[in-house]
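Here is a brisk report on one protein chain. Have the sequence and the model open as you read.

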Amino acid sequence: MNKGNLTEAIQTQSVSDAVKMAANNFLLIAVKVSFWDGKGRFTEAAAKAAEEAGADAEGTRMYKDLLKIGKDELNGVKENYRRLRTYLTANSIPYSKSGEGKGQRRGKKMVNVLSYPDVAAGLADLKDIAENSLNNFLENYEGYRADALNNNFGAWRAEAERLFPTAQEVADQFTIEIADPEPLPVFSDGQIGSWNLPAEMLGKIVEQSNAAIAQQLEEAKQYSIDASLKVCETALKQLTEGKRLHETLIPNVKREAIKLREMADGYDQDVRIQEIADDMLEGIANVSDKEEWKNNETKKIEAAKSAENVVKNLKRMKQAAPVAVAPDTSGVILPELTADLV
């Protein structure tokens, strides 16, 4: 695409149009998991240890794994529960505002409506795996508990026995909540039509609401750009400097490219992002398996060049003004930010 066409392609659209498009293309979902960590807080033992050391017992803490035999099994169950969050993070785009959760990883996630059935099925499968692993662990729990009490605590046995939860109490601490999908919180025409408000006031309410949602969508877009940049920088390093090409290189590039393209297609139609995503899919991931690069140096060189170009362009996009601008902005993306973006 030449520079003239690029400038033409990034002419802005209204925030309201972009928000409406996003509302038609994305759903919000969330997953919450909890589990028993297998640790006990030994207050009596801590106080005794502090006394023997001549220290003030106040503020003294002592935590210990309750299980020895069975600890690895418990860790496996916890990992199976965590996989639901990991899977959703990998197959979605965060919708939480800046500062909500660590690194925007908690809270509701955006999933493209066409991808949702596969994502929902994947979560359901992982839920079954996690719950089956918990059931297997609980079948042996009393044996693990008895072994630990008999062999692991010495003089702390009585306190440890009080700290051990029952099998049912352990089960109750393991939970998985997969929320039903929600639409983006956009005012519907039916809602707006039912409000008995002056047109000017109604317009301001809708405009402010759409601007607030657009801000979150812009943050989601930036998150997607950052995630794509990270995997493409890794790809570039492995293709040019790395001694070993990792198995995850191509799948990671493809996954982030698809989400990046969905973000552009489903929100603001940013042609630059669409082309970057295509270059990730067709330029960097130009083979189906990394072993093909070992047998085709030309393909590897081409992939490295694409990775270099994509990294450059993604870095530029991190600085570019939004395509869907709020009403009080100029509505024009600065030419100097896009002049060399090809």
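## Surface and overall make-up

The protein chain exposes about 18600 Å². Carbon and sulfur atoms supply 49% of that area. Keep in mind that this is a predicted model.

The chain has 342 residues, and 38% of them are buried. Its secondary structure comprises 14 helices and 10 strands. Take the contacts between residues at least 6 apart in sequence: 76% of these join residues at least 24 apart.

## The four-strand sheet

Four strands form an open sheet in the order β6-β7-β2-β9, with antiparallel pairing. β6 and β9 (182-183) stand at the edges. Each has a single partner strand, so one side of each is left without a neighbour in the sheet.

Now the pairings. β2 (residues 26-29) and β7 are joined by 4 bridges and run antiparallel. Here L28 stands opposite M110 of β7. β6 (residues 93-94) is joined to β7 by 2 bridges, again antiparallel. P94 has K109 in β7 as its bridge partner. On the other side, 2 bridges join β2 to β9, and these two strands also run antiparallel. L27 has P183 in β9 as its bridge partner.

Which way do the side chains of β7 point? K109 and V111 point one way from β7 (residues 109-112), while M110 and N112 point the other way. All four are buried. In a regular strand the side chains alternate between the two faces of the sheet.

## A second strand pair

β3 and β8 (residues 175-178) pair in the antiparallel sense over 4 bridges. K32 stands opposite E177 in β8.

Side chains alternate along β3, and burial follows the alternation. V31 and V33 point to one face and are buried. K32 and S34 point to the other face and are not buried.

## Nonpolar cores

The largest nonpolar core has 33 residues. Those with the most contacts inside it are W36, L84, F137, F153, F164 and F174. The elements that give two or more residues to this core are β3 (31-34), α3 (43-53), α4, α5 and α6. The largest share, 7 residues, comes from α5. In soluble globular proteins, nonpolar side chains tend to be buried together.

What does L84 touch, leaving aside residues up to four places away in sequence? Its contacts are V31, V33, L123, L126, K127, A130, I176 and I178. V31 and V33 belong to the buried face of β3. Apart from this core lies another, of 29 residues, among them I225, I284, V311 and M317.

## Helix α6: one buried face

In α6 (residues 141-151), Y141, Y144, A148 and L149 are buried. Seen down the helix axis, the buried residues of α6 fall within an arc of 125°, so they line one face. An α-helix has 3.6 residues a turn, so residues three or four places apart point the same way.

What does this buried side pack against? The buried residues of α6 pack against α4 (71-90), α5, α7 (157-163) and α8 (167-173). The face turned away from the buried side carries the exposed residues N150 and N151.

## Three single residues

D118 is found in α5 (residues 116-139). D118 counts as exposed because its relative accessibility is 59%, and the cut-off is over 50%. N91 is 27 residues from D118 in sequence, and the two are 9.7 Å apart in space, C-alpha to C-alpha.

Q216 lies in α10 (residues 199-240). Is Q216 buried or exposed? Q216 is buried, because its relative accessible area is 13% and the cut-off is under 20%. A polar atom of the Q216 side chain lies 2.7 Å from the backbone oxygen of Y95.

Q269 is found in the loop between α11 (249-268) and α12 (271-284). With 37% relative accessibility, Q269 counts as partly exposed. Q269 has a positive phi of about 55°, although it is not a glycine. Most residues other than glycine have a negative phi.

Methods: Residues numbered from 1 in each chain as written. Predicted model: local features only at pLDDT ≥ 70, side-chain atom pairs only at ≥ 80, totals over all residues. Heavy atoms only, no water. Buried < 20%, exposed > 50% of the residue type's maximum accessible area, 1.4 Å probe, protein only. Contact = heavy atoms within 4.5 Å. Areas by Shrake-Rupley, 256 points an atom, 1.4 Å probe, with all protein chains shown as cover. Polar contact = N/O pair within 3.5 Å; in protein donor to acceptor, adjacent residues only side chain to side chain. Pairing = 2+ DSSP bridges. Arc of directions from axis to C-beta. Core = buried A, V, L, I, M, F, W, Y, C linked by side-chain atoms within 4.5 Å.
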